[in-house]
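Student: I'm new to this one and would like to zoom in on a single part. Could you walk me through one strand and whatever surrounds it?

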Amino acid sequence: MTATTHRRLRTEIPGPNSLALHQRRTDAVAAGLTSTLPVYITSAEGGLLTDADGNTLIDLGSGIAVTNVGHAAPAVVDGVREQAGLFTHTCFMVTPYEGYVRVCEELAALTPGDHAKRSVLFNSGAEAVENAVKIARTATGRQAVVVFDHAYHGRTNLTMALTAKSLPYKHGFGPFAPEVYRVAGSYPFRDAEGRTGEQAAAEAIDRVEKQIGADAVAAVVVEPIQGEGGFIEPAPGFLPALSRWCAANGVVFVADEVQTGFCRTGEWFACDHEGVVPDLIATAKGIAGGLPLAAVTGKAELLDSVHAGGLGGTYGGNPVSCAAALGAIETMREGDLAGAAKRIGETAIASLRELAATTGAIGDVRGRGAMIAIEFVKPGTTEPDAAITSRIAAACHAAGVVVLTCGTYGNVVRLLPPLTLPPELLREGLDVLEDAIREETSR
C-alpha cells in the first residue's frame with residue numbers, strides 16, 4: 001500500500017532505483033516494448049503510485065483506462081484473495097464455475113438494451129474485438145468489415161488490420177487480414193465547419209454502399225469515442241445513423257467499448273449517451289480493476305449462432321479475474337462511479353477550456369466524463385504540434401503526475417484518472433498540467 005495520501009517527490013523522476021531497474025530491463029526485456037514513464041512501481045492505492053525510490057505520483061492514466069475503481073480497490077482485492085485461496089484455474093471449457101456465469105449475468109444487466117443477451121469472456125480487448133468479428137461473420141454469412149479513420153482496435157493480426165495508424169502499431173507486421181474496409185468518420189475539430197453527425201454517417205454509408213455493397217458487409221466496428229486516435233467524440237447523430245443503417249441492412253453493429261466502458265464517460269457505456277443499442281459490444285480494460293478480462297456481449301441469436309466449440313480459450317474468464325470483475329462492478333455501482341466521472345469531467349474540462357482561451361496552442365479541449373483530451377496545434381492553425389505535446393507530458397512526469405499522449409498525429413494529451421480520485425488530487429494534478437502548458441506555450 002502507498003505510504004502517503006498526496007504527491008511526494010524524494011528524488012528526480014526517474015530516481016536511482018528506477019534507473020537501476022531500467023538497466024536490468026534493457027538486458028532482459030524486448031526493446032520493442034516501451035514504457036511511457038520508466039519509474040518502477042512498488043505499490044499503488046486509489047489514484048496514487050509509489051515507485052522504487054519512494055516517490056508518490058498522481059495517476060491520471062489509470063493504466064490506460066483500466067483502474068477505473070482505483071488501485072487496490074478493497075472489493076477487488078478481497079474478491080481476488082478469496083478466489084485465489086479456492087482455485088486459480090480449471091478452464092471454463094473443461095470444468096466451469098459460477099464466477100464466469102455471474103460476470104455474464106452482470107454484463108447482460110449493464111450493457112445497453114433489454115433484449116435477450118449472451119456473453120463470452122476473453123483476456124484482452126483485442127481478443128474481444130476479434131471474436132466479435134468472428135461472431136458477426138458466422139451470424140451473417142458475410143465477410144466484409146467496415147472500420148473508420150483514426151480507429152484503434154488492437155495488436156493481433158486482425159485487429160491491426162482494423163486499426164488505422166501504422167506506426168507503431170502496424171509498421172512492418174503485414175500482411176494483414178483481408179476484407180477490412182476503412183471509411184472516414186466524424187472528427188468535429190477537423191471536419192468542415194457545420195458538418196453534422198448525420199452528414200458524416202451518410203458520407204460513410206454512401207462509400208460503403210458504392211465500394212463494398214451493403215449485402216457483403218458482416219459488421220461495422222466503431223469506437224463510440226475513438227481512443228488511441230485522439231479521444232475523438234463524433235458529432236451527435238453519427239452513431240445513431242450508423243446503427244439504423246446496420247439494422248436496415250442486416251449488418252452487425254459492433255461497439256468497441258474497450259476504453260470507454262464501465263463508467264469512464266459518465267455512463268456505464270458510451271453508447272448510452274445517445275441511446276444506441278449495439279448488436280455486439282466488446283469490453284475489457286475497466287471491467288476487472290486491473291486483472292486481465294474481456295468480453296463480447298450481445299444479442300442472444302448472434303452469440304448462439306456460433307457452432308459448439310467455436311468460441312473460447314484456455315484462460316478466458318479466469319476465475320480470479322472474474323472475482324475481480326465482480327468486485328469492480330460492485331464498487332462502480334455502490335460508489336456511483338458514473339456520477340463521479342461526470343464530476344471529474346465537469347471540473348477538468350471547464351478548467352482546461354479556461355486555459356485554452358489564453359493560448360493559441362490548444363486547438364481543442366474535449367471529452368465525456370473522465371475521458372478528456374487536449375489537442376495541441378501550431379498557434380493560429382490546425383496543424384498538429386506533436387513536439388509541444390511531448391514536452392508537456394514530460395514536464396508533468398518530472399513533476400510527479402502521470403499523463404498519457406495519443407492521437408493519429410501524436411498531438412493529444414489524454415487524461416484517464418481513476419474515477420475514485422479525490423477532488424484535491426484531481427485539482428493538484430490539473431495544476432501541474434496547466435503549469436506545464438503555460439510554461440511551454442510562453443516560450
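Tutor: Let's start with helix H11, residues 337–356, which lies across E11, E12 and E15. Its direction is at about 170° to that of E11. Keep in mind that this is a predicted model. A second helix, H12 (residues 386–398), packs on the sheet too, touching E12, E14 and E15, and its direction makes about 130° with that of E12.

The sheet itself is open and has four strands, in the order E11-E12-E15-E14, with antiparallel pairing. At the edges sit E11 (362–368) and E14 (404–406), each pairing on one side only. From one strand to the next, the twist averages 25°.

Now zoom in on E12, residues 371–376. On one side, six bridges join E12 to E11, and Met 371 of E12 stands opposite Arg 368. The hairpin of these two strands, E11 and E12, has two residues between them, and there Gly 369 takes a positive phi near 55°. E12 is also joined to E15 (residues 412–415), by four bridges. Two pairs to look for here: Ile 372 has Leu 415 as its bridge partner, while Ala 373 is partnered by Arg 414.

How many of E12's six residues are buried? Six of the six are, so you'll find the strand mostly covered, taking buried to be under 20% relative accessible area. In a regular strand, side chains alternate between the two faces of the sheet. Here, Met 371, Ala 373 and Glu 375 are on one side, with Ile 372, Ile 374 and Phe 376 on the other, and both faces are covered.

Terms used. Residues are numbered from 1 along each chain as its sequence is written. This is a predicted model: local features need pLDDT of at least 70, side-chain atom pairs count only at pLDDT 80 or more; totals for chains, interfaces and linings use all residues. Side-chain values use heavy atoms; hydrogens and water are left out. Two strands pair if DSSP finds at least two bridges between them. Axes are lines fitted to C-alpha atoms, for helices over the stretch in contact, and angles run from 0 to 180 degrees between N-to-C directions. Contact means heavy atoms within 4.5 Å. Buried means under 20% relative accessible area, exposed over 50%, partly exposed in between (1.4 Å probe, protein chains only).
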